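Work through the exercises below with the sequence and the structure at hand. Each task is followed by a solution in steps.

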Amino acid sequence: MSLNLQTNTEHFTNPLYLESGRILEPYDITYETYGTLNEDKSNVIVVCHALTGSHHAAGLYENETKPGWWDGFIGPKKAIDTDKYYVICSNVIGSCFGSTGPMSMQYPHQEPYRYKFPVVSIKDMVKAQRILFDRLDIHRVHAIVGGSMGGMQALHFAIHYPNFANKIIALATTHATQPWAIAFNKVAQESILNDPDFKQGYYDSEILKEQGLSGMAVGRMAGHISFLSHESMREKFARDYKLTDGLYELFGKFQVESYLEYNGYNFTKWFDPLAYLYITKAINIYDISRGFDSLGESLKRISAELHLISFKNDLLFKSFEMQEISDELKKIGNKSYNYIDIDSDYGHDAFLVELDKFQDQVKDALNG
């Protein structure tokens, strides 16, 4: 069977009540589906994306050269098997790939929200998705799977909608964003805000798509350092120097410098800077125990089978952060969870890159 790739956008006119007390209305959610929905709708898997991801998780559209961000993981006979499952991935609110975000038009005005867009939390992103699934007449799913910010969403689903999913698989994530990750986000935020071409949020999107935003590129370079590790950088680049650059030229570059430049500047032509500010804010304030007396109290709400996967040498969300969730689950007597720390030197992005190291665990969790 083919991937049966489809993209849709749903428009909602009912107000979305946000965690902050603000309201978002109307709003759109763009989502992508793969595979075929079975008759009793029991084969649905929800995939949640990370910070710069989108609803486009797998497959190729006609005009594309690069497939969706988890293409090695989603498809016929892959870990998330689209011959068997119907997969939905939606773009979170606050992002810039079709769902309502800071550069969407603020109804009834024909002007973008920009800073008038409310701060959204991970909890709000999940609530909006839950409303989308109600619209699609999907009231229970087989599993929810996500890595990094996608893992944050998966855990929120588990706590706030305990009867919605049979299984939750959260990878490379945490129960609350720690100072180390917030610090990297701060570098990116300041780099954006202090770039004169950002124009204090009143930039022209079309110009940025052509020219990029150098401040945002610098911030993204910092981000890329946190996604890798000492070992993976050494393996990837060693001390190799660009063949075309002289060692004693002031601006001659090591391969690692070229890599950061390329990924930093390229990124700014396809990701919106205000969306980046809003989503990193959502990540910074994320804490699954907010509103509860303790982490343990929040985890008591979980009734789904929970699978936690961390990666050794993840510098962004350290393995001990996932271990803390595991320890709390044990303490409160939850017997339907398991935790594995994958042996990896790659760093945080291992959940996107080293699929062979954990795909069997995900397959077993889904099919078990």
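**Exercise 1.** Determine which residues Lys-242 is in contact with, leaving aside its neighbours within four places in sequence, and classify its exposure.

Solution. The model is a predicted one.
- Step 1: place the residue. Lys-242 belongs to the loop that runs between helix 6 (230-237) and helix 7 (255-267).
- Step 2: list the contacts. With neighbours within four places in sequence left aside, Lys-242 is in contact with Lys-253, Phe-254, Gln-255 and Ser-258.
- Step 3: take a distance. From C-alpha to C-alpha, Lys-242 and Glu-257 are 9.2 Å apart, with their positions 15 residues apart in sequence.
- Step 4: classify. Buried requires under 20% relative accessible area and exposed requires over 50%. Lys-242 has 28% relative accessibility and therefore counts as partly exposed.

**Exercise 2.** Describe the surroundings of Ser-95: where is it found, is it buried or exposed, and what does its side chain join in a polar contact?

Solution.
- Step 1: Ser-95 sits in the loop between strand 8 (86-90) and helix 1 (122-135).
- Step 2: its relative accessibility is 3%, so Ser-95 counts as buried.
- Step 3: the side chains of Ser-95 and Asn-91 form a polar contact of 3.1 Å.
- Step 4: not counting residues up to four places away in sequence, Ser-95 touches Gly-53, Thr-100, Gly-101, Pro-102, Ala-275 and Ile-279.

**Exercise 3.** Carry out the analysis for Ser-289: find its place, its class of exposure and its contacts.

Solution.
- Step 1: Ser-289 is placed in the loop between helix 8 (273-285) and helix 9 (295-299).
- Step 2: the relative accessibility of Ser-289 is 17%. The cut-off for buried is under 20%, so Ser-289 counts as buried.
- Step 3: a polar contact of 2.7 Å links the side chain of Ser-289 with that of Asp-287.
- Step 4: apart from neighbours within four places in sequence, Ser-289 is in contact with Ser-294, Leu-295 and Ser-298.

**Exercise 4.** Locate Leu-208, state whether it is buried or exposed, and give the separation of its C-alpha atom from that of Ile-168.

Solution.
- Step 1: Leu-208 is part of helix 4, which covers residues 205-211.
- Step 2: with a relative accessible area of 6%, Leu-208 is buried.
- Step 3: neighbours within four places in sequence aside, the contacts of Leu-208 are Asp-197, Tyr-203, Leu-213, Thr-268, Lys-269 and Pro-273.
- Step 4: Leu-208 and Ile-168 are 40 residues apart along the chain, and their C-alpha atoms are separated by 38 Å.

**Exercise 5.** Examine the backbone at Pro-26, Pro-108, Asn-4 and Lys-199.

Solution.
- Step 1: the peptide bond joining Glu-25 and Pro-26 is cis, with omega about -15°. Pro-26 is in the loop between strand 3 (23-24) and strand 4 (27-34).
- Step 2: Tyr-107 and Pro-108 are also linked by a cis peptide bond, and omega there is near 0°. Pro-108 is in the loop between strand 8 and helix 1, where Ser-95 is found as well.
- Step 3: Asn-4 is not a glycine, yet its phi is positive, at about 55°. Asn-4 is in the segment before strand 1 (6-12) and is partly exposed, with a relative accessible area of 31%.
- Step 4: Lys-199, a residue other than glycine, has a positive phi near 50°. Lys-199 is in the loop between helix 3 (179-193) and helix 4 (205-211).

**Exercise 6.** Characterise the whole chain: how many helices and strands does it have, and how does its radius of gyration relate to the globule rule?

Solution.
- Step 1: the chain has twelve helices and twelve strands.
- Step 2: its radius of gyration is 20 Å, close to the 21 Å that the globule rule gives for 368 residues, so the chain is as compact as a globular protein of that length.
- Step 3: along the principal axes, the C-alpha trace spans about 65 × 50 × 50 Å.
- Step 4: 56% of the 368 residues count as buried.
- Step 5: among contacts with a separation of 6 or more, 72% are between residues 24 or more positions apart.
- Step 6: the chain exposes about 16,800 Å², of which carbon and sulfur atoms supply 51%.
- Step 7: the mean positions of the 35 positive and 47 negative charges are 4 Å apart.

How values were computed:
Residues numbered from 1 in each chain as written. Predicted model: local features only at pLDDT ≥ 70, side-chain atom pairs only at ≥ 80, totals over all residues. Heavy atoms only, no water. Helix = DSSP H or I, 4+ residues; strand = E, 2+ residues; numbered from the N terminus. Rg over C-alpha atoms; globule rule 2.2 N^0.38 Å. Buried < 20%, exposed > 50% of the residue type's maximum accessible area, 1.4 Å probe, protein only. Contact = heavy atoms within 4.5 Å. Areas by Shrake-Rupley, 256 points an atom, 1.4 Å probe, with all protein chains shown as cover. Lys, Arg positive; Asp, Glu negative; His and termini not counted. Charge placed at Lys NZ, Arg CZ, Asp CG, Glu CD. Polar contact = N/O pair within 3.5 Å; in protein donor to acceptor, adjacent residues only side chain to side chain.
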